[in-house]
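Dear colleague,

Please find the structure below, handed over for your use. My findings follow it.

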Amino acid sequence: MATQQINIPDIGDFDSVEVIEVLVAEGDEVAVDDSLLTLESDKATMEIPAPFAGKITKVTVSVGDSVAEGDSVFEIEVSEAAAAPEKAEQKAEEKPAEKPAPQKAAESPKSAPAAESAPAPATPSPTAQALTKPVNAQSMGAASHASPSARAFARKLGVDISTVSGTGPKGRIQQTDIEALIKSVMQGGAGAGQAQGGMGIPSVPEIDFSQFGETETVELGRIKKISGKFLQTSWLNVPHVTQFDECDITEMDAFRKSMKAKAEKEGVKLTPLVFVMKAVVKALQDFPGFNSSLSPDGQSLIKKHYYNIGVAVDTPNGLVVPVLRDVDKKGIYELSRELMEISGKARDGKLSPKDMSGGTFTISSLGGIGGTQFTPIVNAPEVAIMGLSKAKMQPVWNGSEFEPRLVMPFSVSYDHRVVDGAEGVRFTTTVGQYLTDLRQLIL
Ligand code: CAO
């Protein structure tokens with residue numbers, strides 16, 4: 001037995017080409033012509049076949065490396081005297097990246113590929129996004145058996161190959177398997193043979209509840225159907241973190257109550273929510289990331305220099321989120337009046353699309369109802385949302401004794417791609433400080 005080096009053969013006009021797959025590992029037995037590596041240039045994908053049969057003893061190349069003709073990439077313990085030397089000179093099998101060739105059963109490598117390194121397209125369609133999950137070449141775990149042409153096909157459509165079940169020999173993934181998965185996602189049903197839901201996640205089992213007792217099926221209202229879709233889209237696309245906090249609003253509430261009679265004369269009802277809106281806007285000015293949106297490709301942050309606050313309103317038909325514009329420029333009475341008008345419009349089902357567009361941050365207040373804390377869902381493409389819960393009198397230690405203080409719990413859910421945990425808690429702490437001492441709002 002002799003050890004031979006395997007070098008990159010003539011790869012045509014390319015000086016340097018990226019390795020996108022290493023298809024064998026040390027210790028693997030390979031036959032002549034088994035695929036060892038996949039290279040990808042901007043024009044084509046190329047498979048590097050084994051020039052000898054034998055056992056791979058050394059792998060000197062990794063995914064992401066750039067290689068050129070003559071580079072040593074493997075060492076192999078050749079098992080046959082007739083090592084088909086002419087194969088060493090053969091040209092790499094070249095396939096146009098855009099038109100993957102149909103897969104041959106003989107392409108099956110002896111071992112699973114080390115990792116799927118295909119990046120998702122820059123702007124995948126919603127369906128492609130549903131099928132794609134970011135894959136770290138090191139962390140993927142069990143690799144998928146698929147020919148380079150099937151992988152190229154999956155990459156082209158933004159499909160994460162590890163979500164595809166192979167029906168070929170030894171479970172190998174074929175182009176038809178990828179097509180079947182896409183078809184099942186488009187139809188919103190279970191994927192062919194893989195028990196997946198329409199969003200590439202396991203579906204909730206369908207159960208005939210009438211076997212347990214009497215049931216009645218009532219169709220969801222129009223608003224619930226629409227808001228449900230938005231909520232699910234946000235829940236699935238935005239990596240949520242919820243920061244819980246609380247603040248002492250004793251002075252704020254005393255002020256609010258002292259202004260109540262005057263406010264009534266102005267024809268408005270003062271609730272804590274308008275004060276929270278002002279405190280939030282000041283904090284948004286301090287932390288502009290919370291008043292932004294991610295660009296569709298996820299590579300930039302679009303900072304907004306206007307402060308439009310969406311307010312979740314509970315209506316008999318479901319949840320709607322009208323928007324109060326330019327909250328930074330408005331006073332407490334004006335905001336109260338607008339809140340009354342727009343929530344009345346919402347409950348009467350008279351909101352126009354314009355009333356519900358242009359928000360930069362949302363507040364969902366359940367404080368008038370109850371509860372201690374909750375986790376609101378970010379109103380994407382906004383970056384964060386605040387949830388207000390019911391303020392309660394509590395004994396608070398002031399350093400020498402317990403004092404009765406009005407404490408309001410609140411939470412902020414945010415998109416962790418934009419906001420880090422430390423910034424998240426700095427934001428909630430700042431909002432809390434502004435609400436505890438409203439004088440800070442005029443500084
Ligand atoms: N703590 C204690 N009391 C509070 C409070 C809080 N955080 N927030 C409001 N209150 C009080 C108000 O002061 C008012 O009491 P008074 O009449 O004695 O002053 C009472 O609760 C009712 O307030 P409200 O709910 O009518 O008014 P609001 O300005 O607080 O809220 C609106 C307006 C439109 C946001 C609210 O009516 C509403 O629809 N909330 C539900 C939002 C919702 O469903 N969110 C969930 C979305 S996720 O499914």
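In helix H8, the buried residues (under 20% relative accessible area, 1.4 Å probe, protein chains only; exposed is over 50%, partly exposed in between) are Leu 273, Val 274, Phe 275, Val 276, Met 277, Lys 278, Ala 279, Val 280, Val 281, Lys 282, Ala 283 and Leu 284. H8 is thus mostly covered, with twelve of its 15 residues buried. The helix runs over residues 272-286 and spans 21 Å from its first C-alpha to its last, close to the 21 Å expected at 1.5 Å a residue, the expectation being 1.5 Å times one less than its number of residues.

This is a predicted model, in which local features need pLDDT of at least 70 and side-chain atom pairs count only at pLDDT 80 or more, while totals for chains, interfaces and linings use all residues. Residues are numbered from 1 along each chain as its sequence is written, and side-chain values use heavy atoms, without hydrogens and water.

Helices (H or I, at least four residues) and strands (E, at least two) are DSSP runs, numbered from the N terminus. Pro 381 sits in the loop between strands E17 (361-365) and E18 (384-388). A cis peptide bond, with omega about 5°, joins Ala 380 to Pro 381. Pro 381 is exposed, at 60% relative accessible area, and contacts (heavy atoms within 4.5 Å) Ser 292, Ser 293 and Leu 294, leaving aside residues up to four places away in sequence.

Asp 33 has a positive phi, near 80°, and Asp 326 has one near 50°. Most residues other than glycine have a negative phi.

Yours sincerely
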